[in-house]
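Reader: I am new to this structure and would like a close look at a single part of it. Please describe the aromatic side chains and how they are arranged.

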Amino acid sequence: MKGKKMHQPYTSLKKALAQKGLTYKDVGEAIGIVETTVQLKINGASDFYLSEFRIICEKLGIDSGVFFEDFVAETITGMDDVRYRAISFLDRKKHVKYPGV
């Protein structure tokens, strides 16, 4: 599974670490893994265990929301796209306008 991503990179986590002046090495030392593994997890090739997530939030003072911001934004964008395509399809088929949509 080399090179395959499990998820999108944690862009918001990267930003939060940079704002606090923390490195991947700092994260690795806090959760007991090497810097390279932290990089793989943050870039989407692997994922964090719940215990690692908790330590990053508690010991390093990172808001837990940064782990979900990118996922939520991506999901909403994807939903909006699907909704738009479905409504466009219905409009072409029935020539009906949908108020408030």
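Author: The following account concerns the aromatic pairs. The model is predicted, so that local features need pLDDT of at least 70 and side-chain atom pairs count only at pLDDT 80 or more, while totals for chains, interfaces and linings use all residues. Residues are numbered from 1 along each chain as its sequence is written, and side-chain values use heavy atoms, with hydrogens and water left out.

A pair of aromatic rings is described by the distance of the centres and the angle of the planes. Rings of Phe, Tyr and Trp (its six-membered ring) pair if their centres lie within 6.5 Å; planes under 30 degrees apart count as stacked, over 60 as edge-to-face and the rest as tilted. Across the whole structure, four aromatic pairs are found. In one of them, the ring centres of Y10 and F48 are 5.7 Å apart and the planes stand at 50°, so this pair is tilted. Y10 belongs to the segment before helix 1 (11-19) and F48 to the loop between helix 3 and helix 4, so the pair ties together parts that are 38 residues apart in sequence. Helices (H or I, at least four residues) are DSSP runs, numbered from the N terminus.

Y10 and F48 are both buried, where buried means under 20% relative accessible area, exposed over 50%, and partly exposed in between (1.4 Å probe, protein chains only). F48 also pairs with F67: their centres lie 5.7 Å apart with planes at 90°, so the pair is edge-to-face. F67 lies in the loop between helix 4 and helix 5 (69-94), so its pair with F48 ties together parts that are 19 residues apart in sequence. F67 is buried, as is F48. Y10, F48, F53 and F67 form one aromatic cluster.

Notes
Helices (H or I, at least four residues) and strands (E, at least two) are DSSP runs, numbered from the N terminus.
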